[in-house]
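Here are my comments on the structure, set out as numbered points. Please read them with the coordinates open beside you.

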Amino acid sequence: MSALRGATAYYLPAPSHWPIVGASALLLTTTGAAAWMNRAVVAPYIFAAGIAVLLYVLFGWFGSVIRESEGGLYDKQVDVSYRWSFGWFIFSETMFFGAFFGALFYLRWHAVPELASGDTAQLWPSFKGGWPATGPAIGGTLKPMNPFGIPLINTAILLTSAAILTWAHHGLLKGTRGQFKLGLALTIVLGFAFLGLQFNEYYRAYTALGLTLASGAYGATFFMLTGFHGLHVAVGATMLSVMLGRALRGDFTPDDQFAFQAASWYWHFVDVIWLLVFVLVYWL
């Protein structure tokens, strides 16, 4: 099978049970989550079972792919396919965040001013508009989150982590594995530091500022954008942790490193999205 590396034939993997098991894991997880929202007694157990099966699929399926790659079964065509696939995945993530940024733009620069002006203003005469806004049917005032506290520190953390990850990649390309592993470890530490600071900011928002998802337009857009970004940071840090574990066992060479490259692409994507979050959610 190693002769496939120079061949032009399309690589066809052996039949696998992982897709159906993965689909079952997603079914259990989503069913458990929906039932949990409706306060079903067994919902947490269904959700936990789905997560457990999903983790089993992730370890098993990716393990099979790694063994196939290290066994010399993949040719150039497979490598290109993986790169295109991951590129489209990042594109889909870009569209995901684009929808939330679009919602923020519509609420802040169109819906809120419209509700406070013209004929619509007669429905809620006490609603003055402006930003941050709760909404015409939600009372109270909101204080905007300070962009120059934790958000600015987190911006510096993510930009530093991006530079360190690039430094780690250069170490791999030069064959300096110590630099490669150290850079990976530092990037992971910075990623979890980011999450810790964000958790601290959320705690203060809930307890000191009274800002929640139920706080109207500002609260909803703030927590949706920063929360989903934080989830992506957690996923990226987990991916890099797996890459570090593989690096410690001797995986990756200058000519065979797509898994690490994919994880680094994802991390840089997360960095860019955070810059948009910082400017559009915190600063403007």
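1. A residue is called buried here when its relative accessible area is under 20%, exposed when that area is over 50%, and partly exposed in between. The model is a predicted one, and Leu240, which is placed in helix H6, has a relative accessibility of 0%, so it counts as buried. Leu240 and Ala23 are 217 residues apart along the chain, and their C-alpha atoms are separated by 25 Å.

2. On the overall fold, the secondary structure of the chain amounts to seven helices and zero strands, which gives the pattern α-α-α-α-α-α-α when read along the sequence. Taken along the principal axes, the C-alpha atoms fill a box of roughly 75 × 45 × 35 Å. Of the 284 residues in the chain, 38% are buried.

3. Which residues make up the nonpolar surface patch of about 750 Å²? The patch is made by Phe105, Trp109, Phe148, Leu152, Val279, Trp283 and Leu284, and the elements that contribute two or more residues to the patch are helix H3, covering 76-115, and helix H7, covering 258-283. Phe148, one of the patch residues, sits in the loop between H3 and helix H4, the latter spanning 150-174. With a relative accessible area of 52%, Phe148 is exposed, because the cut-off for that class is over 50%.

4. The aromatic side chains deserve a separate paragraph. A search of the whole structure finds 31 aromatic pairs, and the pair of Phe96 and Phe228 has ring centres 5.1 Å apart and planes at 80°, so this pair is edge-to-face. The pair links distant parts of the chain, since Phe96 belongs to helix H3 and Phe228 to helix H6 (residues 216-248), with their positions 132 residues apart in numbering. As to accessibility, Phe96 has a relative accessible area of 28% and is partly exposed, and Phe228, at 26%, also counts as partly exposed.

5. The Phe96 and Phe228 rings also belong to a wider group, in which ring pairs link Tyr74, Tyr82, Phe86, Phe89, Phe96, Phe97, Phe100, Phe228, Phe258, Trp265, Tyr266 and Phe269 into a cluster. When checking these contacts, it helps to recall that a pair of aromatic rings is described by the distance of the centres and the angle of the planes.

6. Turning to charged side chains, a search of the whole structure finds five salt bridges. One of them joins Arg246 to Glu70, with the closest N and O atoms 3.9 Å apart; that value should be read against the cut-off, which is within 4 Å. The pair links distant parts of the chain, Arg246 being in helix H6 and Glu70 in helix H2 (residues 43-70), 176 residues apart. Arg246 is buried, with a relative accessible area of 13%, whereas Glu70, at 46%, counts as partly exposed.

7. Asp251 forms a salt bridge with Arg249, and here the closest N and O atoms are 2.9 Å apart. Asp251 counts as buried at 8% relative accessibility, while Arg249 is exposed, with a relative accessible area of 55%. Glu70, Arg246, Arg249 and Asp251 are linked in a network of salt bridges, and a colleague inspecting any of these four residues may wish to view the network as a whole.

8. A salt bridge inside a single helix is found between Asp79 and Arg83, whose closest N and O atoms are 2.8 Å apart. Both residues lie in helix H3, four residues apart, about one turn of the helix. Arg83 counts as partly exposed, at 27% relative accessibility.

9. What does the side chain of Glu201 make a polar contact with? Glu201, which has its place in helix H5 (residues 177-207), is buried yet has no salt bridge, and the nearest side chain of opposite charge, that of Arg204, is 7.0 Å away. The side chain of Glu201 does, however, make a polar contact with the side chain of Tyr282, at 2.9 Å.

Definitions and conventions. Residues are numbered from 1 along each chain as its sequence is written. This is a predicted model: local features need pLDDT of at least 70, side-chain atom pairs count only at pLDDT 80 or more; totals for chains, interfaces and linings use all residues. Side-chain values use heavy atoms; hydrogens and water are left out. Patches are made of residues with over 30% relative accessible area and no salt bridge: like charges are joined within 9 Å, nonpolar side chains (Val, Leu, Ile, Met, Phe, Trp, Tyr) within 5 Å. Accessible areas come from the Shrake-Rupley method with a 1.4 Å probe; for residues, only the protein chains shown count as cover. Buried means under 20% relative accessible area, exposed over 50%, partly exposed in between (1.4 Å probe, protein chains only). Rings of Phe, Tyr and Trp (its six-membered ring) pair if their centres lie within 6.5 Å; planes under 30 degrees apart count as stacked, over 60 as edge-to-face and the rest as tilted. Lys and Arg count as positive and Asp and Glu as negative; His and the chain ends are not counted. A polar contact is a pair of N or O atoms within 3.5 Å; within protein, one must be able to donate a hydrogen and the other to accept it, and residues adjacent in sequence count only if both atoms are side-chain atoms.
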